[in-house]
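Have the sequence and the model open beside you, and grab a pencil. Try each task before you read its solution.

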Amino acid sequence: MNELALFNDLFDGLGDDGFMPAFNYKKAFVTPKVDVKEQKDAYILEMDIPGKTEKDVNIEFHRNVLTISSEKKSEKEEKKEEKAEAKEPAEYLIKERSYSKFSRSFTVPEDVENDKISAKVENGVLKVVMPRKALEQPRRIAITAA
């Protein structure tokens, strides 16, 4: 058993003064941080999603709203070694289950080509590329004499 993990958990709930319990935002919920860049030919959205793969993330586009969501369940266990001669089943000392879920929605500008939006996950960062439509150039209208 990892005594340091228990020691850290003991102090995670304390406030800045070391005495009063504090609300632990880190354990309560996680909302990934996002950077959005505007380039001449595209908008680039980058979201930190450490520990997640492309299978853990869902991206939808509907009526100029891009929604990125994820739902993941995981289990972590530490257990005693089985006694070989007695053939007794292992007893759990620690068994932690976690569940994470988030959803973020972004209103996308009208000039995005929604059929060409692409996304990839690399090194814990989701990158969504939203190409821009070519801007319509003003055209000159010929005037005819009456």
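The exercises below go from a sheet of strands to a network of charged side chains.

This is a predicted model, so local features need pLDDT of at least 70 and side-chain atom pairs count only at pLDDT 80 or more, while totals for chains, interfaces and linings use all residues. Residues are numbered from 1 along each chain as its sequence is written, and side-chain values use heavy atoms, with hydrogens and water left out.

**Exercise 1. Work out the order of the strands in the open sheet of 4 strands, and find which strands stand at the edges.**

Step 1. Start with the terms. Strands are DSSP runs of E with at least two residues, numbered from the N terminus; two strands pair if DSSP finds at least two bridges between them.

Step 2. Follow the pairing across the sheet: the order is S1-S2-S7-S6, and the pairing is antiparallel.

Step 3. Look at the ends. S1 and S6 each have a single partner strand, so one side of each has no neighbour in the sheet.

Step 4. Add the twist: on average, neighbouring strands of this sheet are turned by 15° against each other, direction ignored. For such angles, axes are lines fitted to C-alpha atoms (for helices over the stretch in contact), and angles run from 0 to 180 degrees between N-to-C directions.

**Exercise 2. Describe how strand S1 is joined to strand S2, and how many residues of S1 are buried.**

Step 1. Locate the pair: S1 covers residues 34–38, and S2 covers residues 42–48.

Step 2. Trace the connection, a hairpin that passes from S1 to S2 through 3 residues.

Step 3. Count the bridges. The two strands run antiparallel and are joined by 5 bridges; Val34, for instance, has Met47 in S2 as its bridge partner.

Step 4. Check the cover. Buried means under 20% relative accessible area, exposed over 50%, and partly exposed in between (1.4 Å probe, protein chains only). Among the 5 residues of S1 the count of buried ones is 0, so this strand is hardly covered.

**Exercise 3. Find the residues that salt bridges join to Arg132, and say where the partners lie.**

Step 1. Apply the cut-off: a salt bridge is a side-chain nitrogen of Lys or Arg within 4 Å of a carboxyl oxygen of Asp or Glu. The structure holds 4 of them.

Step 2. Take Glu38 as one partner, with its closest N and O atoms 3.1 Å apart from Arg132. Arg132 lies in the segment after strand S7 (125–131) and Glu38 in strand S1, so the pair ties together parts 94 residues apart in sequence.

Step 3. Take Asp111 as another partner, at 2.8 Å from N to O. This pair also links distant parts of the chain, 21 residues apart, with Asp111 in the loop between S5 and S6.

Step 4. Compare the surroundings. Arg132 and Asp111 are both buried, whereas Glu38 counts as exposed because its relative accessibility is 56%.

**Exercise 4. Which residues does Asp111 touch, leaving out those up to four places away in sequence?**

Step 1. Contact means heavy atoms within 4.5 Å. By that rule Asp111 touches Tyr43, Pro131, Arg132 and Lys133.

Step 2. Pick out Tyr43: its side chain and that of Asp111 make a polar contact of 3.1 Å. A polar contact is a pair of N or O atoms within 3.5 Å; within protein, one must be able to donate a hydrogen and the other to accept it, and residues adjacent in sequence count only if both atoms are side-chain atoms.

Step 3. Finish with accessibility: Asp111 is buried because its relative accessible area is 15%.
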